[in-house]
Amino acid sequence: MRKQIVAGNWKMNTNINEGVELAKMIIEKVSSANKDVELILIPPFTHISDVAKQTKGTTLKVGAQNCAEWAKGAYTGEVSASMISSIGATHVIIGHSERREFFKEDNHLLFRKINEVLNNGLIPIYCCGEKLEQRESNQYFEVVEQQIAESLFELNKVQMQQVVIAYEPVWAIGTGRNATAEQAQEMHEFIRKTIASKFGKEIADGISILYGGSCKPSNAAEIFAKPDVDGGLIGGASLVADDFIAIAQSF
Ligand code: PGA
């Protein structure tokens, strides 16, 4: 059976004290969450080390929101996958729509980053999803298929088995307007079929596909109940410990 995962993407929020406090509050409440669900905290780079110290000995995992496409060298301001791994993180978000939009990251660059992440024993959480105009002009399957093909199809089967996918329609991120459970299911099923067409059904069936975009305690249960939805990548609601835990209990 594939893993159920709820990951909290803190984005560029909290200072170090607030971040450690938030992690502590989540850890305190985590005993009430479903043990079968993998919970991942994804704070800014500056907090990873301290948050990882807090989560040590718990079931919680820690991740990063991005990493460099290179292993090391003269790349001022960049953070490598090996650095991220050396401070206790296990996951890295790759290709979040905010990185695609504000930093012009494209599918081919994201493929190189995924390779770097995997080469360092980390798990990529690869984000895909269409913009509003692409949804409205009925191009959404095409867009997501291209994102999957160009960033994942060059991986080998062993690599592919490590990947977590997050479907995040851009029009749902931070807008309060979530995709309906039916819209999420339809796309998740399509993504799984796309993966199966390249890597085979067995691998596709083992891949966790998370939904992201205005996911909150009030809509998580309905969305997570769909057969191809294996959890969520949570932005705003992951900054409130009670909401994050409530979402984790929504399976
Ligand atoms: P949101 O963000 O939950 O605030 O919509 C989700 C994400 O960007 O991962």
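The dialogue below goes through the pockets, the cavity, the ligand surroundings and a few residues of a predicted model.

Biologist: What should a reader know about this model and its numbering?

Modeller: The model is predicted, so local features need pLDDT of at least 70 and side-chain atom pairs count only at pLDDT 80 or more, while totals for chains, interfaces and linings use all residues. Residues are numbered from 1 along each chain as its sequence is written, and side-chain values use heavy atoms, with hydrogens and water left out.

Biologist: What makes a space a pocket, and what makes it a cavity?

Modeller: On a 1 Å grid over the protein atoms alone, a cavity is a set of points where a 1.4 Å probe fits but cannot get out, whereas a pocket is an open set with protein on both sides within 12 Å along at least five of seven lines; a lining residue has an atom within 4 Å of a point. Grid points are joined across faces, edges and corners, and a volume is the space filled by probe spheres set on the points. By this rule there is one cavity of 30 Å³ or more. The space in the largest cavity is about 40 Å³.

Biologist: Which residues line the largest cavity?

Modeller: The lining consists of Gly95, Ser97, Arg100, Cys127, Cys128, Gly129, Gln147, Glu168, Val170 and Ile173. Helix α4 and strand β5 (123–128) each supply at least two residues of this lining, where helices (H or I, at least four residues) and strands (E, at least two) are DSSP runs numbered from the N terminus.

Biologist: How is the lining of the largest cavity divided into nonpolar, polar and charged residues?

Modeller: Ala, Val, Leu, Ile, Met, Phe, Trp, Tyr, Cys and Pro count as nonpolar, Asp, Glu, Lys and Arg as charged, and the others, Gly among them, as polar. On that basis the lining divides into four nonpolar, four polar and two charged residues.

Biologist: What is known about the largest pocket and its lining?

Modeller: The largest pocket holds about 420 Å³ of space. Its lining has 14 residues, and those nearest its centre are Lys11, Met12, Gln65, Arg99 and Phe103. Helices α2 (45–55) and α4 (97–102) each give at least two residues to this lining, and α4 gives the most, with three residues. The lining of the largest pocket divides into six nonpolar, five polar and three charged residues.

Biologist: What can be said of the second largest pocket?

Modeller: The second largest pocket holds about 330 Å³ of space. It is lined by 15 residues, of which Arg100, Gly129, Lys131, Gln134 and Gln147 are the closest to its centre. Two nonpolar, six polar and seven charged residues make up the lining of the second largest pocket.

Biologist: What makes a residue count as being near the ligand, and which are the closest?

Modeller: A residue is near a molecule if one of its heavy atoms lies within 4 Å of it. For the ligand there are 13 surrounding residues, the closest being Lys11, His96, Glu168, Gly174 and Ser214. An N or O atom in the side chain of Lys11 is 2.7 Å from an oxygen atom of the ligand, and one in the side chain of Glu168 is 2.6 Å from an oxygen atom of the ligand.

Biologist: What is notable about the phi of Lys11 and of Ser214?

Modeller: Most residues other than glycine have a negative phi. Lys11, in the loop between β1 (4–9) and α1 (16–29), has a positive phi of about 50 degrees although it is not a glycine. Ser214, in the loop between β7 (209–212) and α11 (217–224), has a positive phi of about 55 degrees and is not a glycine either.

Biologist: Why is Ser214 called buried, and why is Lys35 called exposed?

Modeller: Buried means under 20% relative accessible area, exposed over 50%, and partly exposed in between, using a 1.4 Å probe and protein chains only. Ser214 has 15% relative accessibility and therefore counts as buried, whereas Lys35 has a relative accessible area of 60% and is therefore exposed. Gln159, in helix α8 (residues 157–160), has 16% relative accessibility, so Gln159 also counts as buried.

Biologist: How do you know that the length of helix α9 agrees with what is expected?

Modeller: The expected span of a helix is 1.5 Å times one less than its number of residues. For the 19 residues of α9 (residues 181–199) this should be 27 Å, and the end C-alpha atoms are 26 Å apart, so the two agree.

Definitions and conventions:
A polar contact is a pair of N or O atoms within 3.5 Å; within protein, one must be able to donate a hydrogen and the other to accept it, and residues adjacent in sequence count only if both atoms are side-chain atoms.
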